[in-house]
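Trainee: I would like to go through some of the labels used for this model and ask what each one rests on.

Mentor: Go ahead; we will set each value against its cut-off.

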Amino acid sequence: MPESFLTDRWSWAHGLRLALALFLAILAGGTAGYMLVEGWGVWDAFYMTVITVSTIGYREVHTLSFAGQVFTVVLIFGGVGTAFYTATQLAAVVVEGGLHRRFEQRRVTRMLEDLTDHFILCGYGRIGSIIARELQEQGVPFAVIERNPERVQSAIVHGWIAVEADASEEEVLKRIGIQRARGLIAAVGTDAENVYTVLTARVVRPDLFIIARVESDEAEQRLRRAGADRVISPYRIGATHIVQTALRPAVVDFVQLATSSGHLDLSMEQVHVREASGLVGRTILDAGIRQRFGVIVVAIKRADGAMEFNPAPELVIRAGDELVVLGRPQSVKALEETVEA
């Protein structure tokens, strides 16, 4: 929860508690005063206090003595001011956003509780906002953690779940569902912040897949030691992409089409082979992946990290392999369902 929200919430709550305490004190004092000055019963004294403080102007419960009239004048000055102050505090909670923020926090909390198999995106700057759009286009659920309130509002305007908080805080990661998350992307402003974020996430969830953005070459090893599975340099990737586009534009266009969710006729995906899958122990040819599903196995990533490019038909599929396949989206989905069945 953001520090600014906690500060405002404490201020509003403190002012409202004070106003209510003063208002109740006026009611109690007025009731006791009429009982002592006029000798009335509890209900008559309380009723007279209420109509006096509220300035409704009903008739007096009983005829007032001179002392009772003096007490009523004092009660009017003190009570009306207190009632006005209480009403002002209530209006401040509603108009200045206290009530709205509480509803917003509850709404975000409910949405976070429903999130599962999602990505946690830490940072919503230039890189983070692009990552968010790509995740949305791929249909992948995610939640944003950002300390800048203006960036948080920008993410919310786009319809995304966003929390104003420090991503390196353990409680924040737990609140945003790190135990149910598919992965975490550390794209905060500085390498130092990304190191702390990755380190905290790795401690909370040792088996989580973590990707970290890096700016300097020196920080890459720190991020890997902190627990990042992948360390990505946007500048290095951008430079490589420029060179590849200059030398092999057709290849770049093909890869971009194959990996873009906007191209409906072609999809390049990775399919995880589980131990219970019927593909385990069979060759690519025997499994009939191309014949049965109409997809091409472009590469196989072994469980130990070794990559087999353009695998031969005689290559045996093992449990834990990641099949990189190319084909129509519905064909790839059919393969995934078969492998996971």
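Trainee: This is a predicted model. What makes Phe46 partly exposed?

Mentor: Phe46 has a relative accessible area of 31%. Partly exposed covers what lies between under 20%, which is buried, and over 50%, which is exposed. The value of 31% therefore makes Phe46 partly exposed.

Trainee: Where is Phe46 placed?

Mentor: Phe46 is in helix 2, which spans residues 42-53. Trp43 lies in helix 2 as well, three residues from Phe46, or about one turn of the helix. Residues three or four places apart point the same way, because an α-helix has 3.6 residues a turn.

Trainee: Why is Trp43 called exposed?

Mentor: Its relative accessible area is 58%. Exposed means over 50%, so Trp43 qualifies.

Trainee: How many aromatic pairs does the structure hold?

Mentor: There are six aromatic pairs.

Trainee: Why is the pair of Trp43 and Phe46 called tilted?

Mentor: The ring centres of Trp43 and Phe46 are 5.9 Å apart, and the planes stand at 40°. Centres within 6.5 Å make a pair. Planes under 30 degrees apart would count as stacked and over 60 as edge-to-face. The angle of 40° fits neither, so the pair is tilted.

Trainee: Which residues form an aromatic cluster?

Mentor: Tyr34, Trp40 and Phe71 form one.

Trainee: Which residues make the nonpolar surface patch of about 380 Å²?

Mentor: That patch is made by Trp43, Phe46, Tyr47 and Val50. Val50 also lies in helix 2.

Trainee: How do you know that Val50 counts as partly exposed?

Mentor: Val50 has 32% relative accessibility. Buried requires under 20% and exposed over 50%, so 32% puts Val50 in between, as partly exposed. Patch residues need over 30% relative accessible area, and the 32% of Val50 meets that cut-off.

Trainee: Now Glu220: what makes this residue buried?

Mentor: Glu220 has a relative accessible area of 15%. Buried means under 20%, so the label follows for Glu220. Glu220 is placed in helix 9, residues 217-226. Leaving aside neighbours within four places in sequence, Glu220 is in contact with Val214, Val231 and Arg236.

Trainee: What does the side chain of Asn148 reach at the start of helix 6?

Mentor: A side-chain oxygen of Asn148 comes within 2.9 Å of the backbone nitrogen of Glu150. Helix 6 covers residues 149-157. Just after helix 6, Gly159 has a positive phi of about 90°.

Methods. Residues numbered from 1 in each chain as written. Predicted model: local features only at pLDDT ≥ 70, side-chain atom pairs only at ≥ 80, totals over all residues. Heavy atoms only, no water. Polar contact = N/O pair within 3.5 Å; in protein donor to acceptor, adjacent residues only side chain to side chain. Helix = DSSP H or I, 4+ residues; strand = E, 2+ residues; numbered from the N terminus. Buried < 20%, exposed > 50% of the residue type's maximum accessible area, 1.4 Å probe, protein only. Patch = residues over 30% accessible without salt bridge, like charges linked within 9 Å, V, L, I, M, F, W, Y side chains within 5 Å. Areas by Shrake-Rupley, 256 points an atom, 1.4 Å probe, with all protein chains shown as cover. Salt bridge = Lys/Arg side-chain N within 4 Å of Asp/Glu carboxyl O. Contact = heavy atoms within 4.5 Å.
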